[in-house]
Amino acid sequence: VFHYVPEFYLYKKLTDEKYQKVPLIKTLTVDKNIFIGIWLINEPLEILHYASDVDLQVEEEAIKHHQKKREFLASRLLLKQMCLKLGVSSGTIIKTAHGKPYFNESNCHFSISHTEKYAICAISFEKTVGIDIETVQDKFLTIAPKFLTPEEMYIANNQIEPICLRWCIKEAAYKWNGEKGLSFKDEILIAHDAKTLSLKGTHLNIFIDKADEKHPWALVY
């Protein structure tokens with residue numbers, strides 16, 4: 001059982017009931033050794049900033065948009081909390097030349113994603129993982145032909161929810177791959193049942209779920 005570190009809430013608004021809600025709302029295990037954490041981003045930026053390490057605050061300062069700052073800090077705090085509970089010595093997050101993040105002091109694999117409402121992360125001791133969460137929006141109907149094959153378009157049947165979910169899957173696969181320039185439409189091909197996919201000939205598993213009705217997420221491993 002995971003519990004949020006209460007020291008993170010040492011803040012002048014601690015007596016305000018809405019800031020005492022546990023933000024780590026759900027954890028689950030996929031395929032025995034992949035651990036998922038979902039965080040409801042309920043806190044104002046000030047609390048998230050207060051709870052963060054100095055290195056996170058430095059990165060946050062480079063982000064201009066207020067909401068994006070909140071999402072960034074919440075996702076990194078979630079990752080830190082999950083690592084703490086799993087006994088992972090995470091160290092510093094650094095990035096490959098293609099921008100894929102990894103721990104400099106651990107062979108543990110991880111992936112993170114966030115929306116305006118939720119942060120999510122996946123941690124695995126054995127397998128490379130990619131995860132993505134999205135908000136169901138009309139824009140996915142517009143851009144669907146750019147990232148779905150004709151067969152995938154037919155299966156989605158011009159419905160916004162399955163189209164958004166397939167974007168989640170392909171984005172998660174892109175993160176799993178960790179290299180720039182991958183074609184969502186031509187190189188990430190989702191099976192009819194959306195349980196597996198082919199990425200440039202490599203077959204991968206898919207796990208899908210929802211944080212709520214408007215926020216589907218997908219794990220690729």
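# Close-up views of a predicted model

**View 1. Asp132 and its neighbours along strand S7.** Asp132 sits opposite Ala218, a residue of S11. This is a predicted model, so everything shown here is computed from it. Which residues of S7 share a direction with Asp132, and which point the other way? Gly130 and Asp132 point one way, while Ile131 and Ile133 point the other, and all of them are buried. That fits a general pattern: in a regular strand, side chains alternate between the two faces of the sheet. Gly130 has a bridge partner in S11 too, namely Val220. Four bridges in all join S7 to S11, and the two strands run antiparallel.

**View 2. The open five-stranded sheet.** Step back from S7 and you find an open sheet of five strands, ordered S7-S11-S10-S9-S8, with antiparallel pairing. Which strands stand at the edges? They are S7 and S8; each has a single partner strand, so one side of each is left without a neighbour in the sheet. From one strand to the next, the twist averages 25°. Helix H6 packs on this sheet and touches S7, S8, S9, S10 and S11. The direction of H6 makes about 35° with that of S11.

**View 3. The largest nonpolar core.** Here the spotlight is on a set of 27 residues, the largest nonpolar core. Those with the most contacts inside this core include Phe147, Ile163, Ile169 and Val220. Helix H4 (139–147), H6, strand S8 (188–190), strand S9 (196–199), S10 and strand S11 (215–220) each supply at least two of its residues. Which element gives the largest share? That is H6, with 10 residues. For a closer look, pick Leu197, another of the residues with the most contacts inside the core. Leaving aside residues up to four places away in sequence, Leu197 touches Ile169, Ala173, Ile188 and Val220, among others. There is also a second, separate core, this one of 24 residues, and Trp39, Leu48, Ala74 and Cys121 are among its members.

**View 4. A buried salt bridge between two helices.** Seven salt bridges turn up in a search of the whole structure, and this view shows one of them, between the side chains of Glu152 and Lys170 (2.7 Å, N to O). Glu152 belongs to helix H5 (residues 150–156) and Lys170 to helix H6 (residues 160–177), 18 residues apart. Are these two charged partners buried or exposed? Glu152 is buried, with a relative accessible area of 3%, and Lys170 is buried as well, at 0%.

**View 5. A salt bridge between two loops.** Asp31 and Lys127 bring their side chains together in a salt bridge (2.4 Å, N to O). The two residues are 96 apart and link distant parts of the chain: Asp31 is in the loop between strand S1 (24–30) and strand S2 (34–40), and Lys127 is in the loop between strand S6 (118–124) and strand S7 (130–133). Asp31 counts as partly exposed, with 36% relative accessibility, and Lys127 is partly exposed too, at 30%.

**View 6. Ser124 and the backbone of Lys127.** Lys127 has a second tie to show, this time through its backbone: its nitrogen there lies 2.9 Å from a polar atom of the side chain of Ser124. Ser124 lies in strand S6 and is buried, with a relative accessible area of 0%. Which residues does Ser124 touch, not counting those up to four places away in sequence? They are Asn33, Ile34, Cys108, His109 and Val129.

**View 7. Asp212 meets Lys117.** In this salt bridge, the side chains of Asp212 and Lys117 come together (3.2 Å, N to O). Asp212 is in strand S10 (residues 202–212), whereas Lys117 is in the loop between strand S5 (109–114) and S6, 95 residues apart. Lys117 counts as partly exposed, at 33% relative accessibility.

**View 8. Two loop residues with positive phi.** Most residues other than glycine have a negative phi. Asn157 has a positive phi of about 60° although it is not a glycine, and so does Ala194, again at about 60°. Where are they found? Asn157 is in the loop between H5 and H6, and Ala194 is in the loop between S8 and S9. Asn157 counts as exposed, at 53% relative accessibility, whereas Ala194 is buried, with a relative accessible area of 8%.

Definitions and conventions: Residues are numbered from 1 along each chain as its sequence is written. This is a predicted model: local features need pLDDT of at least 70, side-chain atom pairs count only at pLDDT 80 or more; totals for chains, interfaces and linings use all residues. Side-chain values use heavy atoms; hydrogens and water are left out. A salt bridge is a side-chain nitrogen of Lys or Arg within 4 Å of a carboxyl oxygen of Asp or Glu. Buried means under 20% relative accessible area, exposed over 50%, partly exposed in between (1.4 Å probe, protein chains only). A nonpolar core is a set of buried Ala, Val, Leu, Ile, Met, Phe, Trp, Tyr and Cys residues joined through side-chain atoms within 4.5 Å. Contact means heavy atoms within 4.5 Å. Two strands pair if DSSP finds at least two bridges between them. Axes are lines fitted to C-alpha atoms, for helices over the stretch in contact, and angles run from 0 to 180 degrees between N-to-C directions. A polar contact is a pair of N or O atoms within 3.5 Å; within protein, one must be able to donate a hydrogen and the other to accept it, and residues adjacent in sequence count only if both atoms are side-chain atoms.
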